[in-house]
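Work through the following exercises with the structure open beside you, and try each task before reading its solution.

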Amino acid sequence: MARFLVVRTLTGLFVLWLITIAVFVLFFVAPSNVARTLAGHQATPQTIALINHRLGLDRPLWQQYLDFVGNALHGNLGYDYYHQEPVTTIIRQAFPITLSLAVGAAIIWLLLGVYNGVVSATHPRSVRDRALTVTSLVFYSMPSFVLGLGALYFLYYKLTLAGYAWFPAGGYVPLSAGVGPWVQHLVLPWLTIALVSAATYTRLSRASMLDVLGEDYIRTAEAKGLGQRRVTYRHALRSALTPVVTQFGIDLGQLVGGVVITEQIFSLPGLGKTAVTAITQQDLPVIIGIVLVASTAVVIANILVDLCYAYLDPRVRLT
Amino acid sequence: MSLHPVVTAEQELEEVHSDVVGRGPWALAWRRLRADRVAMGSLAVVVLMVLIAVFAPVFAHITGHPPNMQYHQAGLTPDGLPKAPNSTFWLGTDDLGRDILVRIAYGARISLGVGVVATLLTVVVGVVLGLLAGFLGGFVDLVIARLVDLVLSIPFLLVAIALVSVSGPSLTITVLVISMFSWASMARIVRGQVLFLKEREFVEAARSLGASDLRIMFVDVLPNVLAPVIVYTTLLIPVVIIVQATLSFLGLGLPAPAADWGGMISEAQNYYTVAWWFVLFPSLALLITTIAFNLLGDGVRDAVDPRIDRLVRPR
């Protein structure tokens, strides 16, 4: 167990290191016009050179990279090019928003998806199964921005016109301002992410439940006289969850990037929206910072997934 | 006299013989697919979409509206807003007074084109790397497996946005970015299959006949992994179409004024309260296409691997 954690953390760090190099190279291959944007069109070449010097952009690439890594190891991710704000501060402000969005959505889609999958699998070819299969296929095929715009149109615009201003059009209210407003502002974004993802989980857990329900040990459990509910949820679901957990690990990691669309549509100033703004402004330190945070999330999610395997299936050994 | 002819064993055998035609697994799969009404219906929708894409100029010809023509007089209300569907503009106009129907038809070219090309590229890269990793093992496997891990742990959308914005949006870069990030799962699937296949006797047989590694990989092993590859490919196309539309939605698709579904929906999002048709029709086009591909993919999976169906039991 300890050995597993150490090995996985080290490989994780190695992957993160490769990612910093990739992002660094990527953005320095492209022509940078940060200094020109900062100085304005009237700027003399001297001013631009001065700005480049102050931002450290005139030094060789490898030196900039070494400085970045050295600082990063001391918990300093640098300063953004435009307002000289520490990147850690920017990330600290945006992170709770993305975290609220991601965790809430993940809980909803996991419960909804797995529950629907189980219902489908235990009543194959019933009306409920068919209805759930069709619904999940539609949501599975739906781009999240289409769903988001649909939610805005019907649940914000139409409802508000009808006199029920239940859902705001967007924006974020921190949890400290009260649970009610926080939830109210996040319901539509949560649903947008959750419904699209839940569909994958319904399909996945339906297929894997059907596989497991055909196993001999399920028949044994039934023959022992155990209740249907107990067999389904205690015996079958446990081993049917393995592929679901794999998918959850991948999705949880991709979520940090995946919230980009939702944050854009519902104007939530989280990591995704911040990253898109930074990318359009070529604000390298902010981009690297966010990509690092996002990749760290992926690495941690993968380690957690492997731990879950061992819990769900005792045959799995962590080495 | 009986109404039922007596069939001797010999005759029966003959009849059976005349009935049985040698059908390979692919012919059987095709037969199962043809019997699947949902799959055939979705295949028809896919073919229809392809026809719409191919004959997009016909739409422009019939309506008399080129895709990028802005009708400031006829196509916009006096307030400068999009016009609702009418006899001139069947699906209404967009914010610049362009014909939405014609633009959807032209958009089909991009969605389907990128969907197919990027998927094929993904499949080729994924299959070749998966074969190499699984078959050669050792150092090659180690490098490819780490590469797969790396690709899967990069937040795809963020890096895709970064890549496209750095290099400037174009069709080529969209295809490359999508393939760059999606080959990994394909490689994983193929690698797993190959690990299992390479221990089989036919590989040993080929080797004892003096076949080279390359020949065994591509002539003997490859046909045996085609079933999962084909299933995965069909299911990958709609995913790629959604990703392409998402990039366009974020303004990283084709440069304006090219017609492209994601881009159209992006332009429409500021008008959703005043012009529902502007959002609705491109969204529908996108949704119908992805649903059709997914249904077809499910059908192909069931046809190639009918195992699932036997596991369904009444409870």
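## Exercises on a predicted two-chain model

**Exercise 1. Locate B:Ala35 and decide whether this residue is buried or exposed.**

Solution. The model is a predicted one, and the first step is to place the residue: B:Ala35 belongs to helix H2 of chain B, which covers residues 25-35. The second step is to count neighbours, and within 10 Å there are 11 other C-beta atoms. A residue is called exposed at 12 or fewer, so B:Ala35 is exposed. As a last step, take the distance to B:Met69, which lies 34 residues away along the chain: the two C-alpha atoms are 45 Å apart.

**Exercise 2. Describe the secondary structure and overall dimensions of chain B.**

Solution. Begin with the elements: chain B has 13 helices and 0 strands, and its pattern along the sequence is accordingly written as α-α-α-α-α-α-α-α-α-α-α-α-α. Next, consider the dimensions, where the C-alpha trace spans about 85 × 75 × 45 Å along its principal axes. The radius of gyration of chain B is 25 Å, whereas a compact globule of 315 residues would have a value near 20 Å. Finally, look at the packing: 43% of the 315 residues in chain B are buried, and of the contacts with a separation of 6 or more, 71% are between residues 24 or more positions apart.

**Exercise 3. Find where B:Ile154 lies and which residues it touches.**

Solution. The first step gives the place, which is the loop between helix H6 (138-152) and helix H7 (156-167) of chain B. The second step is the neighbour count: B:Ile154 has 25 other C-beta atoms within 10 Å, and because 20 or more are needed for a buried residue, B:Ile154 is buried. In the third step, leave aside residues up to four places away in sequence; B:Ile154 then touches A:Ile19, A:Ser295 and B:Val159. A further distance completes the picture, since the C-alpha atoms of B:Ile154 and B:Phe181 are separated by 8.7 Å while the two residues are 27 residues apart along the chain.

**Exercise 4. Check the length of H7(B) and explain why this helix is largely enclosed.**

Solution. Start with the length: at 1.5 Å a residue, the 12 residues of H7(B) should span 16 Å, and the end C-alpha atoms are 16 Å apart, so the expectation and the model agree. Then count the buried residues, which are 9 of the 12, and therefore the helix is largely enclosed by the rest of the structure. The buried residues of H7(B) include B:Phe156, B:Leu157, B:Leu158 and B:Ile161. Two of these return in the largest nonpolar core, a set of 155 residues in which A:Ile287, B:Leu158 and B:Ile161 have the most contacts. The element that gives the most to this core is helix H5 of chain B (residues 100-136), with 18 residues. Just after H7(B) comes B:Gly168, with a positive phi of about 85°.

**Exercise 5. State how many residues of each chain are in contact with the other chain, and describe the side that belongs to chain A.**

Solution. The count comes to 45 residues of chain A in contact with 38 residues of chain B. On the side of chain A, the elements giving two or more residues include helix H1 (2-29), helix H8 (179-213) and helix H12 (284-312). The residues on this side divide into 33 nonpolar, 10 polar and 2 charged.

**Exercise 6. Find which residues other than glycine in the loops of chain A have a positive phi, taking A:Gln84 and A:Ser267 as the cases to examine.**

Solution. Recall first that most residues other than glycine have a negative phi. A:Gln84, which is not a glycine, has a positive phi of about 55° and sits in the loop between helix H4 (61-73) and H5 of chain A. With 9 C-beta neighbours inside 10 Å, A:Gln84 counts as exposed. A:Ser267 has a phi near 35°, again a positive value, and is found in the loop between H10 and H11 of chain A. With 12 C-beta neighbours inside 10 Å, A:Ser267 counts as exposed.

Note on methods
Residues numbered from 1 in each chain as written. Chains lettered and ligands numbered in written order. Predicted model: local features only at pLDDT ≥ 70, side-chain atom pairs only at ≥ 80, totals over all residues. Helix = DSSP H or I, 4+ residues; strand = E, 2+ residues; numbered from the N terminus. Rg over C-alpha atoms; globule rule 2.2 N^0.38 Å. Contact = placed C-beta atoms within 7 Å. Nonpolar A, V, L, I, M, F, W, Y, C, P; charged D, E, K, R; others polar. Expected span 1.5 Å × (residues − 1). Core = buried A, V, L, I, M, F, W, Y, C linked by C-beta atoms within 7 Å.
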